[in-house]
Amino acid sequence: MVKPLVSGKFVALSGGVGGAKLVRGLADCLAPSQLTVVANTADDFDYWGLRICPDLDSITYALADLNDEQRGWGLRDESWVTLEAMRRLDDQQWFQLGDRDLASHLFRTQALRAGQSLTAVTRQLAQRLGSATRLLPMTEQHVATRVFTDIGELEFQQYFVREQCRPAVERVEFAGIDQAELNPEAIAALADPALRGIIICPSNPFLSIDPILSLRGCREAIAEAGVPVVAVSPIISGRAVKGPAAKMMRELNIPSRAAAVASYYGELLDGFIIDEHDNEQCSEIVRMGVECRAAQSMMSDLNTKVQLAAATLSLIEELA
Ligand code: FO1
């Protein structure tokens, strides 16, 4: 990494594959001490008796350059021997756990059962896999996204993986959200006098960012931080780069376009980064009172991840 692009500290809210890519880019623009990532944990669930934390793992693997860029999740150079053995015993295995990925879930489940906090075991996993960036689960308590669809109520991974996001979404709920506390380390990071900006990554607003923002006190902590909040659009030319965001917007009667994401986040935002293909929406977004910049948002390699992260940080600098 070259010398840090900007001074001060930053908090990034992230979930899903798109979020992990921008976090990887930010990690090349900032020193580890400058970045705290708060990750969605409402996708977490138990499978094979193990606690699976997909968004924590996607970010951990991306930061350690161990992730599989084609698949978008899990580890590179993965093998599937255990999955095949499980399928011989029960052919209903719809969630694919690779052998190397399995070690993370075994390590985490064992640590949690021994009384470790999810924050502590997430830190250990990151350190042992080679990442120095601080990654925090949004909460220690279990929150579970429930997706209400035209084929009934589904757990998140049933909707996302088993049903491959095909059912039409009517609404999304986060079971347990009222009893959950925003991670105290995230509260401290948002109250840090050295904080210079807050980044909302190009994640699914409804499935990855809303769970974080729905935690009691989160929106207040962001507002009280008194620093620029800049989001990166997860929608490019009316489509999500990956995942169901655009399809969900249409199903939720929200226009599936970048400007609609800006208005969805509303007064939370000071700035919004859209893709160059959506440049004509900049003036509409500025009229919402949100500063807007167009940048290449398709993160196809490390360079584009770093460039988009740099564009996000420089908009924060301009707004400070
Ligand atoms: N996504 C899939 O579409 N199919 C899978 O079989 C699958 C397995 C999987 C295993 C571990 C993990 O950390 C993520 C996995 N994902 C899989 C992705 C996961 O469902 C999503 O990344 C998040 O939950 C939403 O961003």
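Q: Which element gives the largest share of the shell around the ligand?
A: The largest share, 4 residues, comes from α6, and helices here are DSSP runs of H or I with at least four residues, numbered from the N terminus, just as strands are runs of E with at least two. The model is predicted, so local features need pLDDT of at least 70 and side-chain atom pairs pLDDT 80 or more, while totals for chains, interfaces and linings use all residues. Residues are numbered from 1 along each chain as its sequence is written, and side-chain values use heavy atoms, without hydrogens and water.

Q: How do you know that Gln157 makes a polar contact with the ligand?
A: A polar contact is a pair of N or O atoms within 3.5 Å; a polar side-chain atom of Gln157 lies 2.8 Å from an oxygen atom of the ligand, so this pair meets the definition. Trp73 also meets it, with a polar side-chain atom 3.3 Å from a nitrogen atom of the ligand, and so does Asp55, at 3.4 Å from an oxygen atom of the ligand.

Q: What makes α2 mostly covered?
A: A residue is called buried under 20% relative accessible area, exposed over 50% and partly exposed in between, using a 1.4 Å probe and the protein chains only. In α2, 10 of its 10 residues are buried, including Pro54, Asp55 and Leu63, and therefore each of these three falls under the 20% limit.

Definitions and conventions
Polar contact = N/O pair within 3.5 Å; in protein donor to acceptor, adjacent residues only side chain to side chain.
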